[in-house]
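The following exercises are to be worked with the sequence and the model in view. Each task is followed by a solution in steps.

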Amino acid sequence: MDKFRMIFQFFQSNQESFMNGICGIMALASTQMYSAFDFNCPCLPHYNLAYGLGILLVPPFILFLLGFVLNNNISMLAEEWRRPQGQRGKDPAVLRYMFCSMAQRAMIAPAVWVSVTLLDGKCVTCAFCTSVPVETLGNASHPHLSQGEIQRVLARIPCKEIYNGQQLIANEVAVRYLRCISQALGWCFVLLMTTLAFLVRSLRPCFSQAAFLKSRYWSHYIDIERKLFDETCAEHAKSFAKVCIQQFFEGMSTDLVAARCHLPRKAPADVGEAAEKLLGITDQGTMNMALKSWHRCKPPLHLHPPALPTGNGWAGEGQPPTHPSAPRKETAAYYSWV
């Protein structure tokens, strides 16, 4: 149990570890889905190809989109891409890094599905059973069979219980031939994905290490800034609700006192602290204006003494930061009593 707790804490340590855990769970889920899936080839000449390729390609596409949906950074990326320029510029390198990072993680589950499907061989056997070389593996000179009838017979190769073309080509021979091709494609796909992942992980930092570190840093910064902004808004909302409810009950108690119902009044100690956390924003219109200002013109990324906001901008924009005045010299006099 302690090991599972440690693994869970590792996944919660940062956004990247959390998404790696989600992608790993999706990869395991894709294998379980394929093992639980009841594969039934239609065994018809015009439907086998569509069914086989559909099972091979459609679920990976759904898993790819699901990987983007489960990634929390997709909304952050869309917000950063669509927001106005404002007081802070948008770095295309950071946006590309965020998109590539999400795409790489979202590709894990589809790659696992395609690999498992090709290594199993059922989809390829169903899709390409009518393309088996009868001249090489079977008896192409079988009498009384037209080309259309041969296609219908070959289409039943995946359905062993209804296959009736043993004289044309043995079912075991055709299935083994197609499965060997499918497994070869599967291992080639695994090798290709592994090689691409190795090249991306190892060679990309070698050519642009400084740009890579910069994009990664500001990507983490945007994520942390968004979390802190949400936490600050939640804390302000809690303080606002606490003061609003307190004022409501104070008004009710005043009405009751006016009606000669003397009730004990004792202000809670945390109401004053909640009022201090409002930071001067004490009405709905001001809060809406603050939220719109945050979206339209985020503050520039350089630390300076706080300036007074004016409208949707910041006072002092474009001016050099003010430096604190030099400390005054003070002389201390010591007196002794004799």
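**Exercise 1: A residue on the surface**

Leu199 is placed in helix H10, which spans residues 171-207; helices are DSSP runs of H or I with at least four residues, strands are runs of E with at least two, and both are numbered from the N terminus. The model is predicted: local features need pLDDT of at least 70, side-chain atom pairs count only at pLDDT 80 or more, and totals for chains, interfaces and linings use all residues. Residues are numbered from 1 along each chain as its sequence is written, and side-chain values use heavy atoms, with hydrogens and water left out.

Task: Determine the relative accessible area of Leu199 and the nonpolar patch that Leu199 helps to form.

Solution. Step 1: the relative accessible area of Leu199 is 36%, so Leu199 is partly exposed (buried means under 20%, exposed over 50%, partly exposed in between, with a 1.4 Å probe and protein chains only).
Step 2: Leu199 forms a nonpolar surface patch with Leu192, Leu196, Phe198, Leu203 and Phe207. Patches take residues with over 30% relative accessible area and no salt bridge, joining like charges within 9 Å and nonpolar side chains (Val, Leu, Ile, Met, Phe, Trp, Tyr) within 5 Å.
Step 3: together these residues have about 630 Å² of accessible area (Shrake-Rupley method, 1.4 Å probe; for residues, only the protein chains shown count as cover).

**Exercise 2: One face of a helix**

Task: Identify the buried residues of helix H9, residues 147-154, and state what they pack against.

Solution. Step 1: Ile150, Val153 and Leu154 are the buried residues of H9.
Step 2: viewed down the axis of H9, these residues fall within an arc of 95°, and therefore line one face of the helix; the arc is that of the directions from the helix axis to the C-beta atoms.
Step 3: the buried residues of H9 pack against helix H8 (134-137).

**Exercise 3: Salt bridges**

Task: Establish how many salt bridges the whole structure holds, and examine the pairs of Arg83 and Lys227.

Solution. Step 1: the search finds six salt bridges (a side-chain nitrogen of Lys or Arg within 4 Å of a carboxyl oxygen of Asp or Glu).
Step 2: Arg83 meets Glu80 at 3.1 Å, N to O. Arg83 is buried at 2% relative accessible area, and Glu80 is buried at 6%.
Step 3: Lys227 pairs with Asp223, with the closest N and O atoms 3.7 Å apart. The two are four residues apart in helix H11 (residues 209-258), so about one helical turn separates them. Lys227 is partly exposed at 39%, whereas Asp223 is buried at 11%.

Conventions. Contact means heavy atoms within 4.5 Å.
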